[in-house]
Amino acid sequence: MRHFVKVASVSLLAAVWSVRGRGDLTQPQGENCGNNSTTVQWGPCDPTVIQDPSLSCTFFEVPLDYHDPSAGHGRLALAKVNATGTRRGTVFLNPGGPGGSGLQVLNATSATLLALTGGNYDIVSWDPRGVGSLTIPGDISCFDNDAEYIAFWNGTIELSGIEMTGNFSDPQDVQALLSQAHVMQTKYEELGQRCLQHPSGKFLKYVGTAATARDIVALADALDGPGSPVNFAGTSYGSLLGSWLIQMFPERIGRVLLDGIIDPVVFSQKETPFWWTDNELADADKVYEGFITGCALSGHAGCPIASTDQGQSPEDVDASIQALLQRAHDAARMNSSVPFTSAVIRESLLGVMYTPVNWTRFARAVLPAFEEAVHLELSNVPVQVGSGLLRLLGIPDRNAAKSYTPVAILCGDSVDRRGTTMEDVFKNIISSSKSGSKQFSAAWHEPFFYCPFWPVRAVERYQGPFNKKLANKILVVSNTFDPVTPLAGAEAVVKNLGDDAALVEQHGFGHVSVAEPSQCFNAIAFTYFATGAVPEQNRTMCEVDADFELFKGVNTAAVLASLA
């Protein structure tokens with residue numbers, strides 16, 4: 001899921017690990033099972049899943065519940081790239097989500113990660129609990145097929161999204177949303193029971209973040225020796241996992257880098273629908289402002305939304321986008337079955353805020369495609385929607401049954417149910433579209449909205465404190481303007497940890513630091529993993545590389561200067 005909780009699942013085959021003859025990789029391994037590092041046997045990965053020949057793979061057995069042996073065991077599907085220099089241990093990587101596949105990410109980025117860590121660490125990533133088809137528990141499913149999924153949600157905003165323009169200035173939009181409150185609450189409550197009754201339902205309480213933190217420590221004991229320092233890199237949701245990890249095991253912390261920060265204190269106190277709109281979207285409109293400003297600076301040649309090469313303002317670019325949303329909204333009012341609604345365009349727009357590298361493509365190809373489709377809809381001409389067009393536009397197929405792993409993890413970790421109603425959730429969305437993110441508060445659906453109605457909480461949740469003394473200093477990273485993990489979250493984490501954390505602010509846009517290149521940040525990360533040293537000052541500003549262009553002739557510094 002292009003949002004930090006929307007991650008495309010990896011198609012994994014049951015026989016992914018072609019390592020028989022090198023040891024039974026499904027046998028118990030790790031300190032929790034009474035073994036040491038010599039019992040972990042790695043072998044070649046199945047090339048249908050992992051194409052990087054430098055990676056090796058294995059299984060690792062873990063208890064479902066670290067406090068209740070009778071619950072049984074699960075297993076994690078692991079991949080590793082070996083250190084190329086003098087080995088100093090293992091860095092464990094979680095790519096976020098929740099629900100992100102570590103196998104997929106390591107397969108795509110092993111060389112980059114080795115370079116960033118100086119080649120002195122093995123890098124291990126894995127499909128965590130609830131992810132993929134090899135790890136047990138694997139993907140959390142609640143429907144057997146697409147037809148069941150569509151039948152269950154037919155006629156609801158789960159499939160159509162929320163239609164509105166002008167920040168719910170039209171009373172008809174307000175009434176249309178509030179009229180669905182009862183049916184959507186009933187559906188979400190029924191969904192929870194349906195998920196419990198599905199074969200994966202017995203695992204819902206075992207996929208929480210605290211259990212994954214304990215899995216990391218068990219892996220460190222097995223691979224680097226009992227009591228060894230735990231080295232970890234986590235992005236987005238992985239930063240929440242990292243925050244729990246360092247507080248649950250402060251004496252074990254080695255090199256830890258957290259990037260794209262969720263404030264764990266706020267998460268532990270606030271129900272997720274309100275946490276999402278009030279906190280996580282806090283800077284989303286600033287990223288959008290960066291997008292329309294860069295477009296205006298580039299002009300029509302670099303950004304076709306801009307109508308002229310001179311004299312076009314960010315407000316003019318915004319007006320063009322808002323006009324498109326209005327036309328799509330009008331088309332949906334004429335015919336509720338049209339595929340390209342204002343809700344669809346808004347979700348696509350939020351998605352591209354994550355990745356500035358795609359801003360030019362979005363302006364050149366995606367928005368014009370939306371314009372053409374909406375024009376056809378208004379002309380009552382049927383628009384053919386295929387998977388290729390959806391991929392071009394960056395739109396998830398709302399009619400395809402999905403994994404509920406992100407929901408199970410987030411809601412399993414969230415605060416206890418407090419009697420919140422769906423009407424409360426909808427009214428908060430309406431008010432947030434006026435006082436919070438005017439552009440994106442109405443983006444639906446997000447996993448965060450399920451939690452007040454989710455029937456299960458994880459068997460273990462870490463609720464604090466979040467200011468324990470750590471064995472070593474950690475590095476905390478945030479973009480100045482991140483659409484879903486605002487800089488304020490990173491500032492809060494560093495404030496709580498005091499001298500045990502250093503903040504690197506990357507002066508740019510997008511979700512997590514890899515959204516834009518920065519040699520400054522790369523050098524800091526390289527030094528940190530090599531020596532453990534962090535910048536002398538508690539907070540360091542890193543600029544984005546000057547040769548990286550958001551639009552033709554326009555780099556990040558130019559946009560920031562225009563916004564100042």
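Here are a few notes on this predicted model, from the overall fold down to its internal cavities.

1. Starting with the overall picture, the chain runs to 564 residues, and 59% of them count as buried. The secondary structure comes to 19 helices and 12 strands.

2. On contacts, take the pairs with a separation of 6 or more: 78% of these join residues 24 or more positions apart.

3. As for the surface, the protein exposes about 20800 Å², with carbon and sulfur atoms supplying 52% of that area.

4. Now to the inside. If you go looking for cavities of 30 Å³ or more, you'll find three. The largest has a volume of about 60 Å³, and the second largest comes in at about 50 Å³.

5. Which residues line the largest cavity? From the earlier part of the numbering there are Asn94, Pro95, Gly96, Gly99, Gly100, Pro128 and Arg129, and these are joined by Val207, Thr212, Tyr237, Leu241 and Ile409. Sorted by class, that lining has six nonpolar, five polar and one charged residues.

6. The second largest cavity has Leu64, Asp65, Tyr66 and His67 in its lining, along with Lys205, Tyr206, Gly208, Ala211 and Arg214, and then Ala458, Val459 and Glu460. Here the split is six nonpolar, two polar and four charged.

7. Worth a look side by side in the viewer: Val207 and Thr212 belong to the lining of the largest cavity, while Tyr206, Gly208 and Ala211 belong to that of the second largest.

Notes: Residues are numbered from 1 along each chain as its sequence is written. This is a predicted model: local features need pLDDT of at least 70, side-chain atom pairs count only at pLDDT 80 or more; totals for chains, interfaces and linings use all residues. Side-chain values use heavy atoms; hydrogens and water are left out. Helices (H or I, at least four residues) and strands (E, at least two) are DSSP runs, numbered from the N terminus. Buried means under 20% relative accessible area, exposed over 50%, partly exposed in between (1.4 Å probe, protein chains only). Contact means heavy atoms within 4.5 Å. Accessible areas come from the Shrake-Rupley method with a 1.4 Å probe; for residues, only the protein chains shown count as cover. On a 1 Å grid over the protein atoms alone, a cavity is a set of points where a 1.4 Å probe fits but cannot get out, and a pocket is an open set with protein on both sides within 12 Å along at least five of seven lines; lining residues have an atom within 4 Å of a point. Grid points are joined across faces, edges and corners, and a volume is the space filled by probe spheres set on the points. Ala, Val, Leu, Ile, Met, Phe, Trp, Tyr, Cys and Pro count as nonpolar, Asp, Glu, Lys and Arg as charged, and the others, Gly among them, as polar.
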